[in-house]
Amino acid sequence: MHNGNGGKNSSPIEVLFGTSEKIPIGRGLTELRAGRPVMIVGADGDCEATLLALPAERLQAARLAAFAEVVAPSRLRLILSASRAGAIGHDIRQPLRLELPEAIEASAVRDLVEAPVVISKLRGAPASAVERAGVRLMKLAQLLPALLVAEVPRERRPAMSHLAVQVEAGAIDGFRAEATSSLSIVSEAVIPLESGGRARFVVFRDGLGETATAVVVGKADRSRPVPVRIHSACLTGDVFGSRRCDCHEQLRLALARLVEIGGGIVLYLSQEGRGLGLANKMRAYALQDTGLDTIDANTMLGFGDDERDYGIAARMLHLLGCRQVLLLTNNPAKLEGLARTGIDLAGRVPLEAAINADN
């Protein structure tokens, strides 16, 4: 049996390559981000489904034609999240399956996926369990939650399995939790801060190679609630000083507060745009320029108003020895998200950032 640490019960193959279900999912995410299809397999009721799934964002005519030829005679279906389904006129509370006509153009598919104004006239039905898993997989890849799918003809499955990464639908939901549980500290160094004092930057890495950073300021008394700021990375605000958000200001205020009170922690997480990723954040900004607010823009793209997961923050705090925290945030939802992970919350301290005409 694989013990996860390369111990005496592990074979050399297990030590080198692992046996976790998260490995093919991680590879699948890489394929999807590169615009290549993956196979999603799983149970749909009493039947086993084997679907070829292709990201639907920025779909081009050549890729649509190639996909249709590879899966022929299976019909193409477009799977959309419940939020996007509602935005294009379908009254449904779960992901939607649209049967696509044979002659549909790639531009028409793109409109269904991301156009700000479009009403679908296609016949829709609730997506199957495997199709719903595909929507969640697209979100994990930080792509728009929309995918082209078709049943892989049985005679082509052996050949297709050598070309496409195969992902188990049932393993997708546990992917984040398993990746988070593999998080460990890999390096650290002391850095002088512009805000005053010095901070210890602690870098974490999970089993998929993703990193996160804790900025440990001063020496907080661990016998009392530790002041903590959970900060989602914001390229536009933190680095370039965007006036559309107050991220940079809140980060600056948090660091100054921690220096002032003698210590605390900033967790700097790769959760750009409330967990949507930088590309989708820019799409949401473009929609906001047409008059939508942040939540409506996210919904129009097919996302929830906040897609962040706080399990990684809880794991980092655990590894740093923090059991009780005082959260520095203006967002009460962060308390709820962190509380669900089992972290003991002593309260919340707001960070009053300046308001300007752009935010």
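Colleague: Why is strand β10 described as largely enclosed by the rest of the structure?

Modeller: Of the 8 residues in strand β10 (residues 211-218), 6 are buried, where buried means under 20% relative accessible area, exposed over 50% and partly exposed in between (1.4 Å probe, protein chains only). The strand is therefore largely enclosed by the rest of the structure. The model is predicted: local features need pLDDT of at least 70 and side-chain atom pairs count only at pLDDT 80 or more, while totals for chains, interfaces and linings use all residues. Residues are numbered from 1 along each chain as its sequence is written, and side-chain values use heavy atoms, with hydrogens and water left out.

Colleague: What makes β9 and β10 a pair?

Modeller: Pairing requires DSSP to find at least two bridges between two strands, and β9 (residues 198-205) is joined to β10 by 7. The two run antiparallel, and one of the bridges sets Val-203 against Thr-213 in β10. Strands here are DSSP runs of E of at least two residues and helices are runs of H or I of at least four, numbered from the N terminus. The hairpin of β9 and β10 has 5 residues between the strands, and Gly-209 takes a positive phi near 90° there.

Colleague: What joins β10 to β12?

Modeller: Antiparallel pairing over 6 bridges joins β10 to β12 (residues 263-269). Val-217 is placed opposite Gly-264 in β12.

Colleague: Which residues touch the most other members of the largest nonpolar core?

Modeller: They are Leu-52, Phe-67, Leu-78, Val-113 and Leu-148, in a core of 38 residues. A nonpolar core is a set of buried Ala, Val, Leu, Ile, Met, Phe, Trp, Tyr and Cys residues joined through side-chain atoms within 4.5 Å. Among the elements that give two or more residues to this core are β2 (47-55), α3 (61-71), β6 (146-151) and α14 (294-300). Helix α5 contributes the largest share, 4 residues.

Colleague: What is Val-113 in contact with, leaving aside its neighbours within four places in sequence?

Modeller: Its partners are Ala-56, Glu-57, Leu-78, Leu-80, Arg-84, Leu-144 and Ala-146, contact being heavy atoms within 4.5 Å. A second, separate core has 26 residues, including Ala-53, Ile-79, Ala-133 and Met-138.

Colleague: Why is Asn-298 called buried or exposed?

Modeller: The relative accessible area of Asn-298 is 3%, so this residue is buried. Asn-298 lies in helix α14. Beyond its neighbours within four places in sequence, Asn-298 is in contact with Leu-276, Ala-284, Phe-303, Gly-304 and Asp-305.

Colleague: What makes the pair of Glu-114 and Arg-283 a salt bridge?

Modeller: The rule asks for a side-chain nitrogen of Lys or Arg within 4 Å of a carboxyl oxygen of Asp or Glu. The side chains of Glu-114 and Arg-283 are 3.9 Å apart, N to O, so the pair qualifies. Glu-114 is in helix α5 and Arg-283 in helix α13, so the salt bridge ties together parts 169 residues apart in sequence. Glu-114 is partly exposed at 23% relative accessible area, whereas Arg-283 counts as buried at 18%. Both belong to a network of salt bridges with Glu-57.

Colleague: How many salt bridges are there by this rule?

Modeller: The count is 13. One of the salt bridges is between Lys-139 and Glu-307, at 3.0 Å from N to O. This pair links distant parts of the chain, 168 residues apart: Lys-139 is in helix α6 (residues 129-140) and Glu-307 in the loop between α14 and α15 (311-319). Lys-139 is partly exposed at 23%, and Glu-307 is buried at 16%.

Colleague: Where do Arg-252 and Glu-249 lie?

Modeller: Both are in helix α11 (residues 247-261), 3 residues apart, about one turn of the helix. Their closest N and O atoms are 2.7 Å apart in a salt bridge. Arg-252 at 40% counts as partly exposed, and Glu-249 at 23% also counts as partly exposed.

Colleague: Why is Val-239 called exposed or buried?

Modeller: Val-239 has a relative accessible area of 55%, so the residue is exposed. Val-239 sits in helix α10.

Colleague: Which residues make the nonpolar surface patch?

Modeller: Leu-235, Val-239, Phe-240, Leu-278 and Met-282 make the patch, of about 470 Å². Patches take residues with over 30% relative accessible area and no salt bridge, joining like charges within 9 Å and nonpolar side chains (Val, Leu, Ile, Met, Phe, Trp, Tyr) within 5 Å. Accessible areas are from the Shrake-Rupley method with a 1.4 Å probe, and for residues only the protein chains shown count as cover. α10 (235-239) and α13 (278-288) each supply at least two residues of the patch.
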